[in-house]
2 protein chains.
Amino acid sequence: MKVNGNDYRTVWMEGSTVCFIEQNLLPFEFRIYRSDNYLETSKAIKSMKIRGAGAIGAAAGFAMAQAFAEAPENELQEFVYRAKQSIYTTRPTARNLYYAVDRVFNKALNSIDPQREALKEAHKIAEEDALSSLRIGKFGEELIQDKSRILTHCNAGWLAFVDHGTALSPVYNAFHHGKDVFVYVDETKPRGQGAKLTAWELQQVGIPYKIIPDNAAAHLMSLGQIDFVIVGADRIAVNGDVANKIGTLSRAIAAREYNIPFYVAAPLSTFDIDCIQGSDIIIEERPQEEVLFTSGITINGKLTSVLSSAPGSSAYNPAFDITPAKFITAIITDKGIIQPDESAIRDITRQ
Amino acid sequence: MKVNGNDYRTVWMEGSTVCFIEQNLLPFEFRIYRSDNYLETSKAIKSMKIRGAGAIGAAAGFAMAQAFAEAPENELQEFVYRAKQSIYTTRPTARNLYYAVDRVFNKALNSIDPQREALKEAHKIAEEDALSSLRIGKFGEELIQDKSRILTHCNAGWLAFVDHGTALSPVYNAFHHGKDVFVYVDETKPRGQGAKLTAWELQQVGIPYKIIPDNAAAHLMSLGQIDFVIVGADRIAVNGDVANKIGTLSRAIAAREYNIPFYVAAPLSTFDIDCIQGSDIIIEERPQEEVLFTSGITINGKLTSVLSSAPGSSAYNPAFDITPAKFITAIITDKGIIQPDESAIRDITRQ
């Protein structure tokens, strides 16, 4: 996608360096972060310098490739195994992370040239991610009528993937094909990825939008001002239950109350066929400071964090919730649109 | 209620000066604001230096009494009529505001000593507000079991009324009678009255609580971690539909999904028997800056507002939503607990 007229991906590799758009600084500053080793890349994933299902996956694949490159020759196996376990722990809910790390690890470990093979596989994963986002955009666009008012939660745009995005990819397609679309962007507290990242993305493309407080989503639905909801996913169980950013569940429950279609967009790499149901998914709990403090820029343009809660309070900060399949109208994948049920999911992931 | 060991009400009058706790500064600074004339008091209501259903009502009644005192002798009627219209416009959704202004106006206008009568009536309204909150606490406590985990939204504690509060009044009673209670406090964006005011209130009393992002409420319900929800109300229609802080609706929809009791606590002065249904209630739309910016204190303790959204974005900021009666388990009033239906509401308001 273009930023200030230049083409960018969210994450890529130059030689042995992982490069990515530093998302903690957006929308206030656009900067490329360069990480020279797998531990630094892991830390960047954990601290959400890079975030979003697909971008995490690609970055984790690159981190695994870095680990192969860094491993001492006589203890490669031990080193990369420890590295794999360490990368696993950065964001426990993200399916794409495990998917990418395992793919690079398994492909490279017993090959003739592990370093080269790991790097090749990591690049391949990133390419596939961009391509599957593009396909999701094409399939999903069919669902978007002219003059649609769309609600989205968090950021499942191109910043969350290597390129194009999932939830926003069909919206971008519809817009580029001349359809009139308007996006209501949930602020998505505590970190505000909607107000910060999705708003910034839509602004770059020129799609009209308004930020709404998370609390206003059901109100807009009750007034008939939302035509459909579209969100991404961090992990999808084989029964169609979806783990996604905290707050997704309440949008899904309200959408059903008002008969509003609720779509989930995700590539097949997000499906976890070993996971029977949503309640088996581990929900990452993040630091309470993310709830108690809010970051933004002062009138002098300085990025600052303010305590926006009563001093001395504690907070509970689950990063994701589980939306049961029964609330989901359809899942838009890179192989087509499916119903959120086991037979459809087993079929499409078997292909 | 006690603040740092001293007894306070939220709003009171000393001579011709309206005094109130300056709520925009809480929880970071505790300061009393003194307003010497009705226009200044109106501005304080509009800018939410004083806020909350009952506190707005009492302040508006006092403002009306100030207007009577300020009116030139030869044009009293014109002056107080204009003042009444002007106070009306400060917070259009708040039922208690109209109730208080009308009561003071009607009682004083044709009396022998309008100034004295207005002041007397305004004081009476404030007294009644404190007393009805106390009664709500007694009635509501019956609903609270030992070891209850309670979810509340926004601030309907004593800061929102003259004393005691509505939604929190039963919780205070339960706690003082030795019941084990735990409160999950919705942050309540965009202004954060939960994280800022409710958290501060609970802390003063010593009730254990945790702040949660608004997005996490449905997740907690889905995990069976909420025993009941209790909220206040800004206006209640005769069919039992409730206008309350934006976000109330989504909690109510989710509570029904998980069979969790959803209680509304409000004095009879909040009921608008001229209002047939919730959709007739005018929803106040507030400045978009409340969504785009977040206030808090920096590490140096300085109260600051930061831009917490993508620069150049616009936002939609409805302050309230309408929760249909069908989602409400019961309404706790100062005359007893009732079902949210027309016959019960007509009965109790006729008494």
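The exercises below, each with a worked solution, concern a predicted model of chains A and B.

**Exercise 1. Confidence**

State what mean pLDDT chain A has, and which ipTM and pTM the predictor gives the complex.

*Solution.* Begin with the single chain: the mean pLDDT of chain A is 97, and 100% of its residues reach 70 or more. Then turn to the assembly, for which the predictor gives an ipTM of 0.94 and a pTM of 0.95. As a general caution for any such reading, predicted coordinates should not be read in detail where pLDDT is low.

**Exercise 2. The interface between chain B and chain A**

Describe the side of chain B that touches chain A, going from its extent to its composition and its elements.

*Solution.* Step one is extent: 62 residues of chain B are in contact with 62 residues of chain A. The area buried between the two chains is about 4,600 Å², and carbon and sulfur atoms give 61% of that area. Within the area that chain B buries against chain A, N215(B), H219(B) and Y316(B) supply 16%, which is more than any other three residues.

Step two is the polar side of the interface, where 24 residue pairs are in polar contact, with both residues at pLDDT 80 or more. The elements of chain B that give two or more residues to this side include helices α7 (193-205), α8 (217-222) and α9 (248-257), and strands β14 (293-297) and β15 (303-307). Of these elements, α9(B) contributes the largest share, namely 7 residues. Sorted by class, the side of chain B that touches chain A has 32 nonpolar, 20 polar and 10 charged residues.

Step three is charge pairing: the count between chain B and chain A is 4 salt bridges. One of the salt bridges in the model pairs E257(A) with R256(B), whose closest N and O atoms are 2.5 Å apart.

**Exercise 3. Salt bridges inside a chain**

Find where the partners of the salt bridges R82(A)–E78(A), R251(A)–D214(A) and D214(B)–R251(B) lie, and decide whether R82(A) and R251(A) are buried, partly exposed or exposed.

*Solution.* For orientation, a search of the whole structure finds 40 salt bridges over all chains.

Take R82(A) and E78(A) to start with, whose side chains meet in a salt bridge at 3.9 Å, N to O; the cut-off for such a pair is 4 Å. Both residues lie in helix α3 (residues 76-88) of chain A, where they are 4 residues apart, about one turn of the helix. R82(A) has a relative accessible area of 46%, and it therefore counts as partly exposed, since that class lies between 20% and 50%.

Next, R251(A) forms a salt bridge with D214(A), with 3.0 Å between the closest N and O atoms. Because R251(A) lies in helix α9 (residues 248-257) and D214(A) in the loop between β8 (209-212) and α8 (217-222), the pair ties together parts of chain A that are 37 residues apart in sequence. R251(A) is buried, at 3% relative accessible area, and D214(A) is buried as well, at 6%.

In chain B, D214(B) and R251(B) form a salt bridge with their closest N and O atoms 3.0 Å apart. Here D214(B) sits in the loop between β8 and α8 and R251(B) in helix α9, so that distant parts of the chain, 37 residues apart, are linked. D214(B) counts as buried at 6% relative accessibility, and R251(B) counts as buried at 3%.

Finally, a network of salt bridges links R91(A), R191(A), E284(A), R286(A) and E290(A).

**Exercise 4. Two residues of chain B**

Work out the surroundings of R9(B) and of D272(B).

*Solution.* R9(B) is placed in the loop between β2 (6-7) and β3 (11-14) of chain B, and at 27% relative accessibility it is partly exposed. Leaving aside neighbours within four places in sequence, its contacts include I21(B), E127(B), W158(B) and D163(B). With E127(B) the contact is polar, side chain to side chain, at 2.8 Å. R9(B) also lies 8.5 Å from F161(B), C-alpha to C-alpha, although the two are 152 residues apart in sequence.

D272(B), by comparison, is in strand β13 (residues 271-272) of chain B and is buried, with a relative accessible area of 9%. Not counting residues up to four places away in sequence, D272(B) touches R95(B), R235(B), I236(B), A237(B) and V238(B). The side chains of D272(B) and R235(B) are joined by a polar contact of 2.5 Å.

Key: Residues numbered from 1 in each chain as written. Chains lettered and ligands numbered in written order. Heavy atoms only, no water. Contact = heavy atoms within 4.5 Å. Buried area = accessible area lost by both parts, 1.4 Å probe. Polar contact = N/O pair within 3.5 Å; in protein donor to acceptor, adjacent residues only side chain to side chain. Nonpolar A, V, L, I, M, F, W, Y, C, P; charged D, E, K, R; others polar. Buried < 20%, exposed > 50% of the residue type's maximum accessible area, 1.4 Å probe, protein only. pLDDT = per-residue confidence, 0-100.
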